[in-house]
Amino acid sequence: MADNSYPPLDHPRRIADIWVQAWNRRDADRLAALFEDDAEFVNVTGLWWHDRAAIRRAHDYGLRTIFDQSTIALVTRRVR
């Protein structure tokens with residue numbers, strides 16, 4: 001299901017763009033859609049989720065409770 005309110009997933013860079021937008025919108029479905037069905041995800045505390053459904057559930061919970069006031073931003077730097 002394509003969501004036109006997000007950038008198209010037409011370049012690897014877009015993964016980060018979509019992640020930031022989905023996080024800031026609390027959109028666990030869109031975050032999870034960035035992963036294959038059999039994806040593995042280890043979060044910053046070491047919790048390990050073994051498929052897209054588990055990744056979605058965990059992020060849905062976190063975005064509604066622990067991170068309900070958090071935002072993230074994509075920071076890029078050019079090195080010469």
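The largest pocket of this predicted model has a volume of about 270 Å³. Its lining comprises 14 residues, and those closest to the pocket centre are Trp23, Asn43, Trp49, His59 and Phe67. By class, 10 of the lining residues are nonpolar and four are polar, while charged residues are absent from the lining. Helix H3, spanning residues 52-64, supplies the largest share of this lining, with five residues.

Trp23 offers a convenient bridge from the pocket to helix H1, since Trp23 is both among the residues closest to the pocket centre and one of the buried residues of H1. The helix itself runs over residues 13-24. Its 12 residues reach 18 Å from the first C-alpha to the last, close to the 16 Å expected at 1.5 Å a residue. Alongside Trp23, the buried residues of H1 are Asp17, Ile18, Val20 and Ala22. The cover over these buried residues includes helix H2 (28-33) and H3; H3 is thus met again here, having also given the pocket lining five residues. Beyond the end of H1 comes arginine 26, with a positive phi near 60°.

Among the buried residues of H1, aspartate 17 invites a closer look. Aspartate 17 has a relative accessibility of 16% and therefore counts as buried, the cut-off being under 20%. Leaving aside residues up to four places away in sequence, aspartate 17 touches Pro7 and Leu74.

Methods. Residues are numbered from 1 along each chain as its sequence is written. This is a predicted model: local features need pLDDT of at least 70, side-chain atom pairs count only at pLDDT 80 or more; totals for chains, interfaces and linings use all residues. Side-chain values use heavy atoms; hydrogens and water are left out. Helices (H or I, at least four residues) and strands (E, at least two) are DSSP runs, numbered from the N terminus. Buried means under 20% relative accessible area, exposed over 50%, partly exposed in between (1.4 Å probe, protein chains only). Contact means heavy atoms within 4.5 Å. On a 1 Å grid over the protein atoms alone, a cavity is a set of points where a 1.4 Å probe fits but cannot get out, and a pocket is an open set with protein on both sides within 12 Å along at least five of seven lines; lining residues have an atom within 4 Å of a point. Grid points are joined across faces, edges and corners, and a volume is the space filled by probe spheres set on the points. Ala, Val, Leu, Ile, Met, Phe, Trp, Tyr, Cys and Pro count as nonpolar, Asp, Glu, Lys and Arg as charged, and the others, Gly among them, as polar. The expected span of a helix is 1.5 Å times one less than its number of residues.
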